[in-house]
Each structure stands twice: as C-alpha cells, then as structure tokens.
Amino acid sequence: MKKIIILGSTGSIGTNALEVIRKAKDKFQVIGISGHKNYKLLMEQIEEFKPKYVSTGSDEGYHIIKERFPEVEVYFGDEGLKNLATKEEYDILLTAVSGAVGIEATVEGIKKGKRIALANKETMVAAGPYINRLLKENPKAEIVPVDSEHSAIFQSMLGGKKDEVRKIIITASGGTFRGKKIEELKDVSVEQALKHPNWSMGKKITIDSSTLVNKGLEVIEAHELFGVSYEDIEVLVHPQSVIHSMVEFKDRAVIAQLGAPDMKLPIQYAFTYPDRMESLALEPLDFTKFSTLTFEKPDHETFKGISLAFKAGRIRKTMPAVLNAANEVAVELFLKGKIKFLTIYEIIERAMERHIPLEIDGVEIIKKVDKETREWVYLHYAR
C-alpha cells in the first residue's frame with residue numbers, strides 16, 4: 001500500500017490521479033491533498049478519500065473545511081503545500097499544481113527522500129540545476145516524470161544506457177492553431193485558444209499548447225531531467241498524439257512510447273515504477289483507428305515558444321525562470337482579455353531582454369527573480 005500526497009487534487013492531473021487510485025484502492029492510499037480555490041470539490045474529495053492532511057488556497061474554504069472536518073489537519077496557501085511535503089509518512093508526492101508554487105514543495109519532498117511524481121513543468125524549468133544538486137545530496141529521493149512527453153522519454157530510455165542516447169525527440173500535437181500563420185492569430189479569442197484538438201487539460205496548459213510555449217518548457221525540462229544537451233533535443237509536431245515522445249540511440253534504433261492521449265497512464269506509471277500494474281482506468285489503444293501517423297517540423301516563425309525556450313535554456317542560470325514567470329503572467333492576462341494572443345510572445349521576449357542572469361544557489365533567488373518578473377509584466381501590460 002503506497003501512501004500518496006497529491007498537490008493540486010482539484011485540477012486536471014489531480015482528478016485523473018484520484019481516478020487511478022479509485023480503481024486501485026488496495027494499492028494506494030491518499031493521506032494528503034491540496035486544492036487552490038475549488039474548495040467545494042476539495043471537500044468532496046475529503047469525504048471520499050479521507051486524507052489526514054489538506055491544504056487550500058481559499059480563505060473561505062480554509063475555515064469551512066476546518067469546521068466541517070475537525071479530524072483533518074488543514075493548511076493554507078503556498079506554505080500549506082510545503083507543510084504537506086514535509087510530512088514523514090508518505091511514499092509519493094504528486095506535484096500537480098500549476099506554476100512556480102510547486103517548487104518549494106518539491107524541494108521539501110526531495111529533502112525527505114521521497115519519490116516525486118512530477119507533473120509541474122516549472123520545477124525543472126525554473127530550478128532545474130538546484131533540484132539536480134538536491135537529488136545528488138539526497139540519493140533516496142527520485143523524480144519520476146508525469147508529463148506525458150517526459151514519462152515517454154523516461155520509459156523509452158530504459159531501452160538502453162544513458163551514454164548510448166543520441167537524441168531525444170519530443171512530440172507536440174501542434175495545439176489549437178496548428179497550420180495557422182501570424183496574420184490569422186492577431187485577433188484570436190480566448191474561447192478559440194482553449195479548444196485543444198486532442199487533450200483535455202487546464203486552461204493555462206491549453207494556452208501554452210496553443211503558443212507552443214509548453215513544448216519549449218518541455219525542452220528545458222528534458223535537458224534538466226535527462227542530462228541531454230540542447231543540441232540533442234528535437235521537437236516534432238505529431239497531430240495524432242499517439243506517440244508521446246521518442247529516444248534515438250547511437251545504433252540508430254528509435255524507441256517510442258505510445259498510448260491514448262490520457263494522463264492516467266503516465267500518472268499510474270509514476271506511482272508503480274519500476275513495475276507495471278493492470279490499468280482499470282484506461283481502455284487499450286486501438287491501432288485500427290489510426291490509419292496514418294504523421295510528423296512535421298514546428299513553425300518557429302509563427303510559434304516562437306520553442307525558440308525562446310531554447311534561447312533561455314542555453315543562457316541557463318535564472319533566464320528559464322524569467323521565461324516561465326513572464327509566460328505565466330502573460331497567459332493569465334490573455335485569459336482575462338487584457339492582452340492579445342501574440343502579445344504573449346512579446347512579453348516573454350521583453351522580459352528576457354531586460355534580465356541579467358544570476359546563479360541559482362537556492363529557492364530564494366528563484367522566488368526573487370520570479371517576483372520581479374511578474375511585477376514588471378503586470379506594471380507594463382495589466383492595463
């Protein structure tokens with residue numbers, strides 16, 4: 001019986017994780033969950049899974065949950081996420097919160113020597129070098145990626161040795177606007193951007209997919225997770241989203257991980273690795289439904305997210321943290337109707353141009369750069 005804490009249990013990844021657990025209650029026990037503002041769903045989850053620890057980002061929810069569930073230890077806000085991660089009695093910490101708020105909790109989980117089922121891109125993007133140092137200092141801790149692409153790479157790399165890897169190939173669906181040109185994107189609406197062709201995801205990651213910034217973040221994350229140089233990472237658009245990523249080895253063998261576009265598979269694998277468990281939450285992949293699997297190069301001129309990420313990643317230090325923070329605020333402003341779609345790229349570029357990269361010696365420097373970048377974006381664009 002593996003004991004699990006889920007940070008972000010009310011979001012897309014979190015609810016999928018609970019579905020996996022619901023189908024295998026003899027294998028997993030939820031001892032802690034956190035939700036941001038949706039405290040009503042959080043309370044339903046408390047009723048069903050009976051966790052010992054809960055954290056919420058809602059002030060109203062905090063007081064209601066404390067009153068309704070006196071047997072539960074209730075925490076609040078970003079500090080609450082850290083408090084959950086510092087508990088002793090869990091085995092796996094699923095970090096499924098969106099944004100840089102997941103970094104400190106991940107750090108605490110590593111210090112406790114736990115398995116981190118990582119579904120938070122920002123942790124490795126903004127703090128990758130620091131996280132890798134912590135992993136070396138805490139050899140009992142490990143990261144098993146949950147993002148479908150990085151889970152696919154993780155699984156494919158098991159087919160050879162680390163020094164036999166020639167190239168990582170990250171696949172992308174192409175997002176909502178695949179095939180569109182700049183002129184066609186000038187006045188797209190929020191509603192249009194949120195209509196992803198394949199995946200059911202939260203709003204922020206769906207917008208990231210439509211700008212291809214998500215692929216850029218995944219490039220940086222892959223570099224930090226797997227220690228592969230940026231020159232040996234390639235992005236290919238694969239509209240069918242059946243092949244989630246591939247690894248090419250020195251002998252030119254290519255090993256790919258395939259599956260339905262459903263996050264339950266990588267979540268379950270992160271919970272059970274190195275073993276594979278029968279999935280009761282997923283239907284088998286039906287290859288007869290896919291007469292063609294196609295691949296194409298990304299349009300870097302229209303969708304600048306990948307190029308910007310390669311640039312930030314190669315600069316290293318705190319530049320990826322700036323890319324991440326600027327993008328988070330830009331997406332927020334777009335979703336609120338305060339900026340246009342293409343302004344997301346402008347914000348990221350300007351934020352990077354003004355930043356002088358700093359060495360990362362701990363979480364505080366990341367928080368400082370993150371805060372300064374966000375404040376700059378709000379000041380200049382949140383009209």
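The following paragraphs describe the nonpolar core, backbone geometry, strand pairing and salt bridges of a predicted model.

Local features were accepted only at pLDDT of at least 70 and side-chain atom pairs only at pLDDT 80 or more, whereas totals for chains, interfaces and linings use all residues. Residues are numbered from 1 along each chain as its sequence is written, and side-chain values rest on heavy atoms, with hydrogens and water left out.

The largest nonpolar core (a set of buried Ala, Val, Leu, Ile, Met, Phe, Trp, Tyr and Cys residues joined through side-chain atoms within 4.5 Å) comprises 121 residues. Buried here denotes under 20% relative accessible area, exposed over 50%, and partly exposed the range in between, for a 1.4 Å probe and protein chains only. Ile21, Leu94, Val146, Phe271 and Leu323 touch the most other members of the core. Helix 14 (residues 319–335) makes the greatest contribution, with ten residues; helices (H or I, at least four residues) and strands (E, at least two) are DSSP runs numbered from the N terminus. Beyond its neighbours within four places in sequence, Ile21 is in contact (heavy atoms within 4.5 Å) with Ile4, Ile6, Phe28, Val30, Phe49 and Phe271.

Most residues other than glycine have a negative phi, and most peptide bonds are trans. Against this background, a cis peptide bond joins Tyr273 and Pro274, with omega of about 10 degrees. Pro274 belongs to the loop between helix 12 (264–272) and helix 13 (305–315). Positive phi values occur at Lys50, at about 50 degrees, and at Ser241, near 55 degrees; neither Lys50 nor Ser241 is a glycine. Lys50 lies in the loop between helix 2 (39–49) and strand 3 (53–56) and is exposed, with a relative accessible area of 62%. Ser241, in the loop between strand 9 (233–237) and strand 10 (243–249), is buried at 6%.

Four strands form an open sheet of mixed pairing in the order 9-8-10-11, where two strands pair if DSSP finds at least two bridges between them. Strand 9 and strand 11 (254–258) are the edge strands, each pairing on one side only. Strand 8 (residues 165–172) pairs with strand 9 in the parallel sense over five bridges, and Ala172 stands opposite Val237 in strand 9.

Side chains of opposite charge can pair when their charged atoms come close. With a salt bridge taken as a side-chain nitrogen of Lys or Arg within 4 Å of a carboxyl oxygen of Asp or Glu, the count comes to 35. One of these joins Glu48 to Arg22, the closest N and O atoms being 2.7 Å apart. This pair links helix 2 with helix 1 (residues 12–22) across 26 residues. Glu48 is partly exposed at 34% relative accessibility, as is Arg22 at 33%. Lys52 and Glu89 meet in a further salt bridge, at 3.4 Å from N to O. Lys52 lies in the loop between helix 2 and strand 3, and Glu89, 37 residues apart, in the loop between helix 4 (77–85) and strand 5 (92–95). Lys52 is partly exposed at 44%, and Glu89 at 28%. Between Glu248 and Lys167, the closest N and O atoms of the salt bridge are 4.0 Å apart. Glu248 in strand 10 and Lys167 in strand 8 are 81 residues apart, and Glu248 is buried at 9% relative accessibility. In addition, Lys121, Asp147, Glu149, Lys215 and Glu218 are linked in a network of salt bridges.
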